[in-house]
Amino acid sequence: SDRKSVDAIFSNYYAANVAQKIIAENPVFKKTIEVWTAMNPTVFQSELEKNEALKELILAETPWVLDAQNETEKRMKIVQLFDASNLETEINQSILKLKSLQQADGGWGWYDTERSNVYITQNIVLGFANMKAIGINVDEGIALNALEYLEKYYETSYSKLTKEAKAKKSACSDMHAQWLFIRSQ
């Protein structure tokens, strides 16, 4: 099934934005990716893959070297990850999908048909806050809608506490601590 969780969609969005930032801030890295892209596919082959006799001898003696067989694939994936047009497409598609999956109350469910979930919404808001903290522009509207949802959730949760629970100043959960961190950003 092509059905992705909202968390997976946001993860793709986050990764593409960070990769785009890395390229923008590191011209030497960008140039390396461009050179690798322009080269013959054999440039991605490890030395072990290029020399079949050596490969057979080494693998017979040291089977743990099998990881070297994946070097070509790893190098090609790096090029694909940092391809500027792929990144822009991933960013645009992911943000559109996130916007379409955001519920009317501002939150997100795990999947498109589910009601808003505090945990997933808070993780996405934290991701937006982290992106903003490292200088990546984020869609303020989508983030503010989610913040409003979380604000209402925590206000409602607090108002439901008994006087005794409020007086005890019960310990904050991890979610509460994370929420306080997000609010401080």
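Helices here are DSSP runs of H or I with at least four residues, and strands are E runs of at least two, both numbered from the N terminus. With that in hand, Ser5 is easy to place: look in the segment before H1.

A word on what you're looking at. This is a predicted model, in which local features need pLDDT of at least 70 and side-chain atom pairs count only at pLDDT 80 or more, while totals for chains, interfaces and linings use all residues. Residues are numbered from 1 along each chain as its sequence is written, and side-chain values use heavy atoms, leaving out hydrogens and water.

Zoom out for a moment. The protein chain has 10 helices and 0 strands. Of its 185 residues, 30% are buried (under 20% relative accessible area with a 1.4 Å probe, protein chains only; exposed is over 50%, and partly exposed lies in between). As for contacts (heavy atoms within 4.5 Å), take those with a separation of 6 or more: 66% of them join residues 24 or more positions apart.

Back to Ser5. With a relative accessible area of 14%, Ser5 counts as buried. Leaving out residues up to four places away in sequence, Ser5 touches Trp110 and Tyr111. A polar atom of the Ser5 side chain also sits 3.0 Å from the backbone nitrogen of Ala8.

Now for the inside. The largest nonpolar core (buried Ala, Val, Leu, Ile, Met, Phe, Trp, Tyr and Cys residues joined through side-chain atoms within 4.5 Å) holds 31 residues, and those with the most contacts inside it include Phe10, Trp108 and Phe128. Helices H1 (6-25), H6 (84-101), H7 (118-133) and H8 (140-159) each bring at least two residues to this core. Phe128 gives a good view of it: beyond its neighbours within four places in sequence, Phe128 is in contact with Phe10, Tyr13, Ile95, Trp108, Val138, Ile142 and Ala143. In soluble globular proteins, nonpolar side chains tend to be buried together.

Two of those partners lead us to H8, whose buried residues are Ile142, Ala143, Ala146, Tyr149, Leu150 and Tyr154. They cover an arc of only 125 degrees around the axis, so they lie on the same side of H8; the arc is that of the directions from the helix axis to the C-beta atoms. Turned away from that buried side are the exposed residues Lys152, Glu155 and Ser159. At the start of H8, a side-chain oxygen of Asp139 comes within 3.0 Å of the backbone nitrogen of Gly141.

Methods
Polar contact = N/O pair within 3.5 Å; in protein donor to acceptor, adjacent residues only side chain to side chain.
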